Amino acid sequence: MPAVILFTVFYLAPIFISVYYSFTDFSGIGAAKFIGFKNYQVLLNDKFFFIALKNTFIILIGITITILPLSFIVALLLEKPFRGSGVVQSMIFAPNVIAPILVGLIWLFILDPKMGMINAILRSIGLSDYQQQWIGGKTLTPYSVAFVYLWQVLGFYTTINMAGLRSIPADIYEAAEIDGANYFQRIRKITIPMMKNTIVINTILIITGGFKIFETVKQLTNGGPNHMSDVLVTYMYDTTFTSSRYGYGMAVATVSFVLCLIFSIIYLANVGKSLEQKEG
């Protein structure tokens with residue numbers, strides 16, 4: 001019961017409150033005026049919302065196609081202990097314990113077009129023509145954010161994969177090796193099938209995490225210039241707390257929540273169908 005109460009108060013109640021305010025004209029002060037679907041109608045004609053949506057999807061696709069395979073490969077490499085393996089594991093996991101706002105600050109000094117380390121190195125070695133506007137521009141910012149997020153969370157997903165690998169009984173591998181299966185055949189026929197639950201968990205966490213990226217973008221670009229590098233969460237924050245359009249900001253938040261829920265449900269449904277077909 002205590003867990004149910006905490007979950008209701010801190011998770012379910014805010015969702016319903018946000019949905020309610022998304023149907024109102026509310027500045028955060030005074031009484032909220034019910035206006036129906038007007039905020040959502042404005043949303044459909046808001047070019048900055050669709051820019052934020054596009055950037056969010058670019059980041060989501062980028063982190064999904066990189067984090068899943070890379071974290072699995074790193075987990076395979078670290079599965080068996082070797083000299084210094086503890087140090088390597090700690091180094092890989094270390095970025096995950098750094099506050100996201102500090103992660104953004106670290107990479108700001110690396111990616112900033114004017115004072116960043118990458119462009120400074122390119123200038124110093126005579127490759128000024130290859131300098132890029134890694135952050136703050138109209139093109140590369142979401143890809144840079146995806147890379148920074150990958151750097152930050154790779155250790156976390158690697159740890160989950162390592163736990164999944166260690167849950168597979170060793171005698172299964174021994175039997176396959178006796179039958180003549182090589183290393184890659186064992187991974188393809190044993191490891192990956194038995195890691196499906198872990199892969200599902202990782203994918204759901206990546207999807208939800210991709211929709212919640214906030215501090216990194218806020219620190220790197222603050223959504224600029226002119227919202228060109230915003231994602232859904234930063235645009236919602238700016239609309240709600242900077243522009244004092246609380247009702248409209250809650251409409252953006254509700255759409256973000258619904259999209260995240262839809263993607264998760266579709267993925268789980270497809271996974272469930274594939275498992276049923278294989279069992280059949």
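A helix here is a DSSP run of H or I that is at least four residues long, with numbering that starts at the N terminus. L6 belongs to one of these, helix α1, which covers residues 2-21. Everything in the views below comes from a predicted model.

**View 1. The whole chain, for orientation.**
Before zooming in, here's the overall picture: the protein chain has 13 helices and 2 strands. Its C-alpha trace spans about 75 × 60 × 35 Å along the principal axes. Of the chain's 280 residues, 40% count as buried.

**View 2. A nonpolar surface patch that includes L6 of helix α1.**
Ten names to look for here: M1, V4, I5, L6, F7, V9, F10, Y11, L12 and F16 make up a nonpolar patch on the surface. Taken together, these side chains' residues have about 1100 Å² of accessible area. L6, one of the patch members, sits in α1. Keep an eye on Y11, also in the patch, since Y11 turns up again in the next view.

**View 3. The largest pocket, with a volume of about 790 Å³.**
Which residues lie closest to the centre of the largest pocket? Those are Y11, I15, K212, A253 and F257, out of 22 residues that line the pocket. Four helices each put at least two residues into this lining: α1, α10 (196-211), α12 (232-242) and α13 (246-279). Helix α1 gives the largest share, with 8 residues. By residue class, the lining of the largest pocket splits into 16 nonpolar, 5 polar and 1 charged.

**View 4. The second largest pocket, with about 340 Å³ of space.**
This pocket has 14 lining residues, and the ones nearest its centre are E79, K80, Y173, Y183 and R186. Helices α7 (141-166), α8 (170-178) and α9 (183-194) are the elements that give two or more residues to the lining. The largest share, 4 residues, comes from α9. How does the lining of the second largest pocket divide into nonpolar, polar and charged, that is, how many of each? The count is 8 nonpolar, 1 polar and 5 charged.

**View 5. The loop between α11 and α12, with a cis peptide bond at P225.**
Helix α11 covers residues 215-220, and P225 is in the loop that runs between α11 and α12. The peptide bond joining G224 to P225 is cis, with omega at about 0°. P225 is partly exposed, at a relative accessible area of 41%. For a sense of distance, P225 and I204 are 21 residues apart in sequence but 31 Å apart in space, C-alpha to C-alpha.

Two asparagines in this loop are worth a look at the backbone level. N222 lies between α11 and α12, and N222 has a positive phi of about 55° although it is not a glycine. N226 is also in the loop between α11 and α12. Its phi is near 55°, again a positive value in a residue other than glycine. Is N226 buried or exposed? At 52% relative accessibility, N226 counts as exposed, because the cut-off for that label is over 50%.

**View 6. M228, a buried residue in the loop between α11 and α12.**
M228 is in the loop that joins α11 and α12. Why does M228 count as buried? Its relative accessibility is 19%, and buried means under 20%, so M228 gets the label. Across the sequence, M228 and K138 are 90 residues apart, yet their C-alpha atoms are 5.7 Å apart in space.

**View 7. L105 in helix α5, beside Q219.**
Helix α5 takes in residues 100-111, L105 among them. L105 and Q219 sit 114 residues apart in sequence, with 6.1 Å from C-alpha to C-alpha. L105 is partly exposed, with a relative accessible area of 34%.

**View 8. N161 in helix α7, shown with V74.**
Where does N161 lie? It is in helix α7, an element that also helps line the second largest pocket. At 2% relative accessibility, N161 counts as buried. The C-alpha atoms of N161 and V74 are 8.9 Å apart, while 87 residues separate the two in sequence.

Terms used:
Residues are numbered from 1 along each chain as its sequence is written. This is a predicted model: local features need pLDDT of at least 70, side-chain atom pairs count only at pLDDT 80 or more; totals for chains, interfaces and linings use all residues. Side-chain values use heavy atoms; hydrogens and water are left out. Patches are made of residues with over 30% relative accessible area and no salt bridge: like charges are joined within 9 Å, nonpolar side chains (Val, Leu, Ile, Met, Phe, Trp, Tyr) within 5 Å. Accessible areas come from the Shrake-Rupley method with a 1.4 Å probe; for residues, only the protein chains shown count as cover. A salt bridge is a side-chain nitrogen of Lys or Arg within 4 Å of a carboxyl oxygen of Asp or Glu. On a 1 Å grid over the protein atoms alone, a cavity is a set of points where a 1.4 Å probe fits but cannot get out, and a pocket is an open set with protein on both sides within 12 Å along at least five of seven lines; lining residues have an atom within 4 Å of a point. Grid points are joined across faces, edges and corners, and a volume is the space filled by probe spheres set on the points. Ala, Val, Leu, Ile, Met, Phe, Trp, Tyr, Cys and Pro count as nonpolar, Asp, Glu, Lys and Arg as charged, and the others, Gly among them, as polar. Buried means under 20% relative accessible area, exposed over 50%, partly exposed in between (1.4 Å probe, protein chains only).
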